[in-house]
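I opened the notebook to look up the overall make-up first and the aromatic rings after that.

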Amino acid sequence: MFVVMLPMALSACRHQISEHHLQGATLGTGYHITLYADLSDAALLALETGIQGELEDLQRQRELYVRALDAAFARVGMSAPTILLGELDHMVHALAVDRMVEWLDAREDLAALVEVGGVMRAAAAPPNGGWRLSLERAGLPKLSEERYLYLHDAALVHRFTELEASPLMSLPTPLGVSVVAETASEAMRQANRMMLAEPGDALAYAARTDRAARLVVKTPQGIVIHQTAALEPWFEG
C-alpha cells in the first residue's frame, strides 16, 4: 500500500476551490481521483459522467485485447498465461490514468491526482504544493529516514516482485522499481524495462538516460536501495 497524504481542509479566504473525490471499480481494479477545483454540483456530476464514459471505452478495449490473446493461444491448445494477462492489465491501467488526466485537463481548470491499480499521475499541483507520495511498500525495507515525493505534472509507477517469488541467490535480484516520468505509459515502459534487466544494467540505463527512478535489489548481503540523481529533485526539501 502506498501513502498519499493530503490536507483535508482549505481556507476559503485564500483559495476559492474545494477538494473532491471520485472513486469506483474499473478494469479489474479500483480507481481514485482527487480534485482541487471550483466546481458546482452539476459540473462535478458532468465530470464524473464523462470519466465513466472514458473508463467504459477502455474496458471494451481491454476485453478486445483479452479475446485476441485467448484466440492466439487457443490455436496451440493453451489458455493465455495469467502472467501475460497481468502485464496487459498493467499497461491498460497506465493508459487509463493518462486518458483520464488528459480528459480532465481539456475540460477544467483544476489540479488532480488520478490513480488506477496503483499507477498514479498528477495534473498540476494542489494549493499546498505537489502531491505528497510515499515510495515505501509493506514487506520491503525502508531507508533509515523515509522521504516523500512531491509529484506534479508527472506520473509515478511502481513495479514489484514478491519476496516469496524471489529466493536469495548468488546474483543480485530486482525486487522493485519506482519511476517518475511525464506520462504513466512512459513510466510503465521504463519500469518494465528496468525490472527485466540485470540490476547493474538497469542502473546504468537509468543513469545514461537520466531517468528518475528507484531500484530495490536483493543481494546475498541483504537488500540495497538505489536512487538516481534525476529522482532527487522530486523529493520534499
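I count a residue as buried when its relative accessible area is under 20%. The model I am reading is predicted.

Entry one, burial of a ring residue. I looked up Tyr36 and found 2% relative accessibility, so Tyr36 counts as buried.

Entry two, the whole chain. I went through the secondary structure and noted four helices and eleven strands. The protein has 237 residues, and 41% of them count as buried. For the surface I noted about 12,300 Å² exposed, with 55% of that area supplied by carbon and sulfur atoms. I then took the contacts between residues at least 6 apart in sequence: 55% of these join residues at least 24 apart.

Entry three, aromatic pairs. How many aromatic pairs does a search of the whole structure find? I found one. The pair is Tyr36 with Trp131; the ring centres are 5.6 Å apart and the planes stand at 35 degrees, so I entered the pair as tilted. Tilted covers plane angles that are neither under 30 degrees nor over 60.

I then looked up where the two residues sit. Tyr36 belongs to strand β3 (residues 29-37) and Trp131 to strand β6 (residues 131-134). The two are 95 residues apart, and the pair links distant parts of the chain.

Is Trp131 buried or exposed? I read 0% relative accessibility for Trp131, so Trp131 counts as buried.

Entry four, a charge over a ring. I looked up Arg132 and found that Arg132 lies over the face of Tyr148. The distance to the ring centre of Tyr148 is 4.0 Å.

Note on methods. Residues are numbered from 1 along each chain as its sequence is written. This is a predicted model: local features need pLDDT of at least 70, side-chain atom pairs count only at pLDDT 80 or more; totals for chains, interfaces and linings use all residues. Side-chain values use heavy atoms; hydrogens and water are left out. Buried means under 20% relative accessible area, exposed over 50%, partly exposed in between (1.4 Å probe, protein chains only). Contact means heavy atoms within 4.5 Å. Accessible areas come from the Shrake-Rupley method with a 1.4 Å probe; for residues, only the protein chains shown count as cover. Rings of Phe, Tyr and Trp (its six-membered ring) pair if their centres lie within 6.5 Å; planes under 30 degrees apart count as stacked, over 60 as edge-to-face and the rest as tilted. A charge sits over a ring if NZ of Lys or CZ of Arg is within 6 Å of the ring centre and within 35 degrees of the ring normal.
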